[in-house]
Amino acid sequence: MTDKALSGIRVLDMTHVQSGPTCTQLLAWFGADVIKVERPHVGDATRGQLRDIPDVDSLYFTMLNHNKRSITLNPKTPKGKEIFTRLIEECDVLVENFAPGALDRMGFSWERIQEINPRIIYGSVKGFGPGPYQDCKVYENVAQCAGGSASTTGFDDGPPMVTGAQIGDSGTGLHLALGLVTALMHRERSGKGQRVECAMQDGVLNLCRVKLRDQQRLSQGPLREYPQFPHGEFGESVPRAGNASGGGQPGWAVKTKGGGIDDYIYVIIQPQVWEAWMKTIGREELISDPEWATPEARLPKLDQCFAMIEEWTLTKTKFEAMDILNAQNIPCGPILSLQELAEEPSLRDNGTVVEVDHPTRGPYLTVGNPIKLSASSTEVVRSPLLGEHTDEILRDVLGFSDNAIAEARAAEAIGSEHKLHEDEHPVPMPEAGA
């Protein structure tokens with residue numbers, strides 16, 4: 001058994017929905033003790049959102065809250081405020097993604113939190129950074145639109161498009177996790193905590209850096225690797241580029257044998273593989289033809305290049321094409337559906353896709369830790385039931401006696417949920433999810 005990288009770090013998780021829980025789940029995967037604070041009898045709103053089995057925590061919640069402990073707490077009550085203060089004293093990191101000012105209104109401003117625990121790291125996810133929109137609420141697609149992704153996604157003759165990847169929520173959570181770990185390292189030298197803020201707009205723009213690069217290149221002339229060149233028009237902003245590569249190498253998604261909605265393979269045309277491409281598709285005469293032999297000659301007719309390649313890929317499945325092209329070091333990748341990814345054995349073997357058992361839901365698939373450390377293992381543990389660890393946390397972290405816990409419950413500072421045992425939750429039959 002290897003050591004956990006963040007073993008000994010305790011995180012007070014005040015997050016909900018997706019951006020914050022993505023961050024704290026990553027910390028938990030690396031071994032931090034993440035204490036998720038939830039409203040008594042209600043919990044994180046995603047427990048009930050998009051629910052597929054009645055009265056069971058949704059997949060939305062379970063897939064974002066692995067490896068955590070749940071305590072139900074009402075910090076608006078005097079006793080709840082006292083418990084919350086004690087938790088701040090005992091934790092290394094506090095993370096929240098409330099609307100701006102929510103914790104301040106509860107009496108826990110950053111200045112007050114620093115007074116309670118000068119060593120604590122306070123992490124926040126916000127929609128926008130300082131500026132005219134700093135008090136606005138932001139959700140995933142809003143962040144994609146405000147951060148530059150939507151305006152550069154889609155085809156030139158269509159509307160702006162959001163991507164299926166959650167670059168606003170989960171992307172910002174990943175950025176915040178890096179910020180928190182960096183602040184923890186700084187604390188090792190300084191002994192002091194600090195505040196870490198990640199704005200969703202900033203996070204999306206960071207992931208759109210190549211488009212900001214192209215915005216500056218555009219002032220020097222047309223973007224020759226974009227499909228608008230040479231026959232289309234370029235305006236003042238970076239255009240939507242369809243499936244064109246975001247890098248300097250021309251690429252496109254071409255159809256493959258089968259004709260299904262995902263029967264495509266993404267291919268790249270690099271100068272060093274042009275000869276291999278032409279030999280593969282039976283067009284050897286174009287290897288030395290001056291009208292095709294150089295990148296400069298090919299750029300004005302990339303659509304014809306990919307049309308020739310597609311004539312060949314239509315005779316192969318996407319996996320056959322990948323095997324043939326990879327053997328010649330031609331960059332490519334099949335368009336994989338979520339079903340194909342869920343069933344891919346190699347992803348199961350390396351822990352990228354994990355099957356987890358849950359006491360009320362039964363087994364389900366989730367993503368595992370995408371970051372693999374050679375000397376620190378990751379185990380994906382099911383998400384907690386609402387308030388499952390309330391008594392345990394009060395007893396083990398804060399030193400409460402059974403009487404003190406009972407008094408807190410009577411004062412409605414904590415919920416009445418009790419630890420539920422596996423045998424209290426028979427796994428539902430498949431028809432229960434209909």
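Six strands form an open sheet in this predicted model. Their order is S3-S2-S1-S4-S5-S6, and the pairing is parallel. Strand S3 (68-72) and strand S6 (195-199) stand at the edges. Each has a single partner strand, so one side of each is left without a neighbour in the sheet. From one strand to the next, the twist averages 20°.

Take the S3 edge. Strand S2 (residues 33-38) is joined to S3 by 5 bridges, and the two run parallel. Which residue of S3 stands opposite Lys-36? The residue is Ser-70.

Now add the helices on this sheet. H1 lies across strand S1 (10-14), S2, S3, strand S4 (93-96) and strand S5 (121-126). Its direction runs at about 125° to S3. Helix H8 (residues 200-207) also packs on the sheet, where H8 touches S5 and S6. The direction of H8 makes about 65° with that of S6.

H1 has a helix partner as well. Two packed helices are described by the angle between their axes and the distance between the axes. For helix H1 (residues 19-29) and helix H7 (residues 169-190), the axes come within 7 Å and cross at roughly 45°. H1 and H7 are therefore oblique to each other. The crossing of H1 past H7 is right-handed.

Which residues make the contact? From H1 come Ser-19, Thr-22, Cys-23, Leu-26 and Leu-27. From H7 come Asp-169, Ser-170, Gly-173, Leu-174, Leu-176, Ala-177, Leu-180 and Val-181. Sorted by class, the contact of H1 with H7 has 8 nonpolar, 4 polar and 1 charged residues.

The second sheet lies further along the chain. Here 3 strands form an open sheet in the order S7-S8-S9, with antiparallel pairing. Strand S7 (251-255) and strand S9 (332-334) stand at the edges. Each of these has a single partner strand, so one side of each is left without a neighbour in the sheet. The twist in this sheet averages 20° from one strand to the next.

How many bridges join S7 to strand S8 (residues 264-268)? There are 5, and the two strands run antiparallel. Within this pair, Val-254 stands opposite Ile-265 in S8. This sheet carries a helix too: helix H12 (residues 302-313) packs on the sheet and touches S7 and S8. The direction of H12 makes about 35° with that of S7.

Key:
Residues are numbered from 1 along each chain as its sequence is written. This is a predicted model: local features need pLDDT of at least 70, side-chain atom pairs count only at pLDDT 80 or more; totals for chains, interfaces and linings use all residues. Side-chain values use heavy atoms; hydrogens and water are left out. Two strands pair if DSSP finds at least two bridges between them. Helices (H or I, at least four residues) and strands (E, at least two) are DSSP runs, numbered from the N terminus. Axes are lines fitted to C-alpha atoms, for helices over the stretch in contact, and angles run from 0 to 180 degrees between N-to-C directions. Contact means heavy atoms within 4.5 Å. Angles under 35 degrees count as roughly parallel, over 145 as roughly antiparallel, 65 to 115 as roughly perpendicular and the rest as oblique. A crossing is left-handed if the near helix is turned anticlockwise from the far one by less than a right angle, and right-handed if clockwise. Ala, Val, Leu, Ile, Met, Phe, Trp, Tyr, Cys and Pro count as nonpolar, Asp, Glu, Lys and Arg as charged, and the others, Gly among them, as polar.
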